[in-house]
Amino acid sequence: MTTRVITRGADGVSVVTRGEEPVQVPVVPAASVADPTGVGDALRAGFLTGVSEGLPLRESAELGSMLATYVIETVGTQEYELGTARFLERLAEAYGQESADLIAGHITCPRP
């Protein structure tokens, strides 16, 4: 399977797999925009975490987009604080409860 992930800034991310319909995932609305440094890296980290956990490409991209939003809201690339409950709540607000429920079984955030 050949898959390409294309980041589109404020227009989200496209996941294109040869022979399949492209997956379009919008960005998660940010509470504020503090610093874009590291946003692409966060998106890739979340996406690859989802893929390595066996999540579908759409949910993997949603996971990456949620993590990217945390990064853009924070000055610095690793200064954000994740809490599992809030992370999943925000993910559900952006992509629906079904997506959040699917992802929930595959992640653990370092803070409650």
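**Close-up 1. Phe87, a buried ring in a predicted model.** At 2% relative accessibility, F87 counts as buried, because buried here means under 20% relative accessible area. Keep in mind as you look around that this is a predicted model. Which residues is F87 in contact with, leaving aside its neighbours within four places in sequence? They are L63, M66, L67, Y70, L82, I107 and C109.

**Close-up 2. The aromatic pair of Y70 and F87.** Let us stay with F87 and bring in one of its contacts, Y70. The count of aromatic pairs in this model comes to one. The ring centres of Y70 and F87 are 5.6 Å apart and the ring planes meet at 25°, so this pair is stacked; planes under 30 degrees apart count that way. The pair links distant parts of the chain, with Y70 in helix 2 and F87 in helix 3, 17 residues apart. Is Y70 buried or exposed? With a relative accessibility of 7%, Y70 counts as buried.

**Close-up 3. An arginine over the tyrosine ring.** The ring of Y70 has another partner to look for: the charged end of R90 sits over it. The distance from that charged end to the centre of the Y70 ring is 5.1 Å.

**Close-up 4. The largest nonpolar core.** Step back from the rings and you will find F87 again, together with L91, I103 and I107, as the residues with the most contacts inside the largest nonpolar core. This core has 27 residues. At least two of them come from each of strand 2, strand 3, helix 1 (39–52), helix 2, helix 3 (84–95) and helix 4 (97–104). Which element gives the largest share? Helix 2 does, with eight residues. In soluble globular proteins, nonpolar side chains tend to be buried together.

**Close-up 5. The three-stranded sheet.** Here the strands form an open sheet in the order 1-2-3, with antiparallel pairing. Its edges are strand 1 (3–7) and strand 3 (23–25), each of which pairs on one side only. From one strand to the next, the twist averages 15°. Strand 1 and strand 2 (residues 13–17) are joined in the antiparallel sense over five bridges. For a handy landmark, find T7, which stands opposite V13 in strand 2.

**Close-up 6. Helix 2 against the sheet.** Helix 2 (residues 57–72) lies across strand 1, strand 2 and strand 3. Relative to strand 3, helix 2 runs at about 25°. This is also the helix that carries Y70 of the aromatic pair.

Terms used
Residues numbered from 1 in each chain as written. Predicted model: local features only at pLDDT ≥ 70, side-chain atom pairs only at ≥ 80, totals over all residues. Heavy atoms only, no water. Pairing = 2+ DSSP bridges. Helix = DSSP H or I, 4+ residues; strand = E, 2+ residues; numbered from the N terminus. Axes fitted to C-alpha atoms, helices over the stretch in contact; angles between N-to-C directions. Contact = heavy atoms within 4.5 Å. Core = buried A, V, L, I, M, F, W, Y, C linked by side-chain atoms within 4.5 Å. Buried < 20%, exposed > 50% of the residue type's maximum accessible area, 1.4 Å probe, protein only. Phe/Tyr/Trp six-rings, centres within 6.5 Å; stacked < 30°, edge-to-face > 60°. Lys NZ or Arg CZ within 6 Å of the ring centre and 35° of its normal.
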